[in-house]
Amino acid sequence: VVLTNGDVDHVAGLLTLRERQNLAIYAHPRVHSVLKANSIFNVLNADYVDRREMSMNEKIELKNKDRKGVGLFVEAFEVSGKIALWLEDESKGENFGTKEGDTIGLKISSKDEKEFFYYVPACAKMTQNLAQKIDGAEMILFDGTLWKNDEMASSKVGEKTGQRMGHMNNSGESGSIEAFKELNVKRKIFIHINTTNPILLGNSSERKYAEENGWEVSFDGMEIVL
């Protein structure tokens, strides 16, 4: 299991994998500190579950609980984001205590690296470092949470904006569709899509615009072959 941040939708699944199953959990030290501090994760019995810290910008082979390589390699790297919503501390200013490592992306590759792709389920902005890293990639699975920044409020399901939650919106000058126009990425697939996002509707104008700009919209059961 490789965790990219400490948000509920990224760590809660661990609680369903607790029945004495041999696991190895890889994460940034910041995320491991979250698991360690919350006693509910003690159900992940240390006799069966290894917790392994990942260094950033270092390619490592994923290994199972018995330390046998599984043939997949990952390189973790920090991306712009924020601390998990449930860990925010308003006393620490407008970034709520966010530190480097609270949100990461992954480069996932085969042993010989002939096939690889990027996995970035949360990202607050396209930085120069990120753009340089992913330019020329065969494929990226990228944060597709919201179509527009104020979507939660306009849909009357919440008050927080996309930026407040640490997500780029799909549309607009500062959105992901625009940010990727100058990048040579062969396949671009939106993932981590909120239920309010109109790109989920196959006949929406937003879906059409995304597809016209080379984006695919992920769906349950989707299979991808590189």
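**View 1. The open sheet.** Two strands pair if DSSP finds at least two bridges between them; strands (E, at least two residues) and helices (H or I, at least four) are DSSP runs, numbered from the N terminus. Here, 7 strands line up as an open sheet in the order β3-β4-β5-β6-β7-β8-β9, and their pairing is mixed. At the edges sit β3 (59-63) and β9 (215-217), each of which pairs on one side only. From one strand to the next, the twist averages 25°, where axes are lines fitted to C-alpha atoms (for helices over the stretch in contact) and angles run from 0 to 180 degrees between N-to-C directions.

This is a predicted model, so local features need pLDDT of at least 70 and side-chain atom pairs count only at pLDDT 80 or more, while totals for chains, interfaces and linings use all residues. Residues are numbered from 1 along each chain as its sequence is written, and side-chain values use heavy atoms, with hydrogens and water left out.

**View 2. The whole chain, before we zoom in.** The protein chain's secondary structure adds up to 7 helices and 9 strands. Of its 226 residues, 44% are buried (buried is under 20% relative accessible area, exposed is over 50%, and partly exposed is in between, with a 1.4 Å probe and protein chains only). How far apart in sequence are the residues that touch? Take contacts (heavy atoms within 4.5 Å) between residues at least 6 apart in sequence: 61% of them join residues at least 24 apart.

**View 3. The edge where β3 meets β4.** Strand β4 covers residues 69-78, and β3 pairs with it in the antiparallel sense over 4 bridges. To find one spot along this pairing, look for glutamate 61, whose bridge partner in β4 is phenylalanine 73. Just ahead of this strand, in the loop between β2 and β3, is asparagine 57. Asparagine 57 isn't a glycine, yet its phi is positive, at about 60°. It counts as exposed because its relative accessible area is 52%.

**View 4. The two sides of helix α2.** Which residues of α2 (residues 29-37) are buried? They are Val31, His32, Val34 and Leu35. These four span an arc of only 150° around the axis, so they end up on the same side of α2; the arc is taken from the directions from the helix axis to the C-beta atoms. Lys36 and Ala37, on the other side of α2, are exposed. As for what covers the buried residues, the list includes α1, β1 (23-27) and β2 (49-53).

**View 5. Histidine 10 and its surroundings.** Histidine 10 belongs to helix α1, a run of residues 8-11. Its relative accessible area is 16%, which means it is buried. Skip the neighbours within four places in sequence, and histidine 10 is in contact with Leu3, Thr4, Asn5, Pro121 and His192. Proline 121 is 111 residues away in sequence, yet the two C-alpha atoms are 9.7 Å apart in space. The histidine 10 side chain also makes a polar contact, at 3.3 Å, with the side chain of threonine 4. (A polar contact is a pair of N or O atoms within 3.5 Å; within protein, one must be able to donate a hydrogen and the other to accept it, and residues adjacent in sequence count only if both atoms are side-chain atoms.)

**View 6. Threonine 145 and histidine 192.** Threonine 145 sits in the loop between β7 (139-143) and α4 (151-154). Why is threonine 145 called buried? Because its relative accessibility is 5%. Its side chain and that of histidine 167 are joined by a polar contact of 3.2 Å. Leaving out residues within four places in sequence, threonine 145 is in contact with several others, among them Glu151, Asn170 and His192. Histidine 192 lies in the loop between β8 (187-191) and α7 (205-212). Its relative accessibility is 27%, so it counts as partly exposed. Histidine 192 has a positive phi too, near 55°, although it's a residue other than glycine.

**View 7. The nonpolar cores.** A nonpolar core is a set of buried Ala, Val, Leu, Ile, Met, Phe, Trp, Tyr and Cys residues joined through side-chain atoms within 4.5 Å. The largest one has 23 residues, and Ile140, Phe142 and Phe180 have the most contacts inside it. At least two residues each come from β6 (116-120), α3 (128-134), β7 and β9, with α3 giving the most, 3 residues. Not counting residues up to four places away in sequence, phenylalanine 142 touches a long list of residues, including Val120, Leu130, Phe180 and Trp215. A second, separate core of 15 residues includes Ala24, Met54, Leu106 and Ile189.
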